[in-house]
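The following exercises concern helix geometry, burial, contacts and salt bridges. Each task is followed by a solution in steps.

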Amino acid sequence: MNYWPLLGVAVVVAGFVLKRNPLLVVVMAGLVSGLAAGMGVGDLLALIGNSFVSNRALLLFVLTLPVIGLLEHHGLRERAQDWIAGFRSMTLARLLISYLGLRQLLSMFGLIDLAGHAQTVRPLLAPMSEAAAAKDGEARDETTDERIRALAAATDNVGRFFGEDVFLAFGAVLLIQGFYERQGIHLEPLAIALWALPTAIAAFVIHAVRIIWFQRTLRRSSARERTRRGGTPPDPGAPERSQEGTP
């Protein structure tokens, strides 16, 4: 067995350690592996060209990046924050739980790429979550904002991962069907997808509880901070004292 083509793996590791351009690193790794396997330069170029043409649809997501960047440049994040601030009853937990349910529902019908980190989390969900937390009275600092953004990204991940398993044309469902078919067990894709539904419901409940717990933790931290600074809010049940006649 010829182990020299494995040099491409070393090129990938070295490129990522040195923080080089990922596209350049991958292309160089392919060239190194191909030359080590005894392929000619012409064959390598033909293989790279064919791979690019056959997978060009995967590059469509690149078109969304300049669009999102242009929208953010013109104040998309600020508009999203102002919009959320207009809802008096909106809290961080309600916002993220609603997004989680919508993300799971769309993924169940195969609309996986309709939302995502680049399309919705960074330009919309993360700033909206920060605005909801600020409007609800939670303490705001850089560390808290980073935790809120991380929770928003995790919400998108959970919604997509456990929602797409219910989609009957999902690759994992077809892989499971093919495996059982080779073992002589015939299963319909719909039956496999429906068996993923209890897991999706459990994931929704567990992550919703995590979101609520996170919000309560922020509120307790804010209350302790106000108490430490001497800014304890007055008791709403206490009678209001008149200031008339005060020297």
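**Exercise 1. Locate Thr155 and describe its surroundings.**

Thr155 is placed in helix H8, where helices are DSSP runs of H or I with at least four residues, numbered from the N terminus. This is a predicted model, in which local features need pLDDT of at least 70 and side-chain atom pairs count only at pLDDT 80 or more, while totals for chains, interfaces and linings use all residues. Residues are numbered from 1 along each chain as its sequence is written, and side-chain values use heavy atoms, with hydrogens and water left out.

Step 1. The relative accessible area of Thr155 is 0%, so Thr155 is buried. Buried means under 20% relative accessible area, exposed means over 50%, and partly exposed lies in between (1.4 Å probe, protein chains only).

Step 2. Apart from neighbours within four places in sequence, Thr155 is in contact with Leu96, Tyr99, Leu100, His207 and Ile211; contact means heavy atoms within 4.5 Å.

**Exercise 2. Compare the span of helix H11 with its expected span, and identify what its buried residues pack against.**

Step 1. The expected span of a helix is 1.5 Å times one less than its number of residues. Helix H11 (residues 197-228) has 32 residues, for which 46 Å is expected. Its first and last C-alpha atoms are 47 Å apart, close to that value.

Step 2. The buried residues of H11 include His207, Ile211, Phe214 and Leu218.

Step 3. These buried residues of H11 pack against helix H6 (92-108) and helix H8 (142-164).

**Exercise 3. Characterise the environment of Thr120.**

Step 1. Thr120 belongs to helix H7 (residues 117-135). With a relative accessible area of 15%, Thr120 is buried.

Step 2. The side chain of Thr120 makes a polar contact with the side chain of Tyr99 at 3.0 Å. A polar contact is a pair of N or O atoms within 3.5 Å; within protein, one must be able to donate a hydrogen and the other to accept it, and residues adjacent in sequence count only if both atoms are side-chain atoms.

Step 3. A polar atom of the Thr120 side chain also lies 2.8 Å from the backbone oxygen of Gly116.

Step 4. Leaving aside neighbours within four places in sequence, the contacts of Thr120 are Tyr99, Ala115, Leu125 and Asp156.

**Exercise 4. Analyse the salt bridges, beginning with that of Asp156.**

Step 1. A salt bridge is a side-chain nitrogen of Lys or Arg within 4 Å of a carboxyl oxygen of Asp or Glu. By this rule the count comes to 6 salt bridges.

Step 2. Asp156 is bridged to Arg103, with the closest N and O atoms 2.9 Å apart. This pair links distant parts of the chain, as Asp156 is in helix H8 and Arg103 in helix H6, 53 residues apart. Asp156 is buried at 2% relative accessibility, and Arg103 is buried with a relative accessible area of 2%.

Step 3. Arg160 and Glu164 meet in a salt bridge with an N to O distance of 3.4 Å. Because they are 4 residues apart in helix H8, about one helical turn separates them. Arg160 is partly exposed at 30%, whereas Glu164 is buried at 9%.

Step 4. Glu142 forms a salt bridge with Arg149, the closest N and O atoms being 3.7 Å apart. Arg149 is partly exposed, with a relative accessible area of 26%. Glu130, Glu142, Glu146 and Arg149 are linked in a network of salt bridges.

Technical notes: Helix = DSSP H or I, 4+ residues; strand = E, 2+ residues; numbered from the N terminus.
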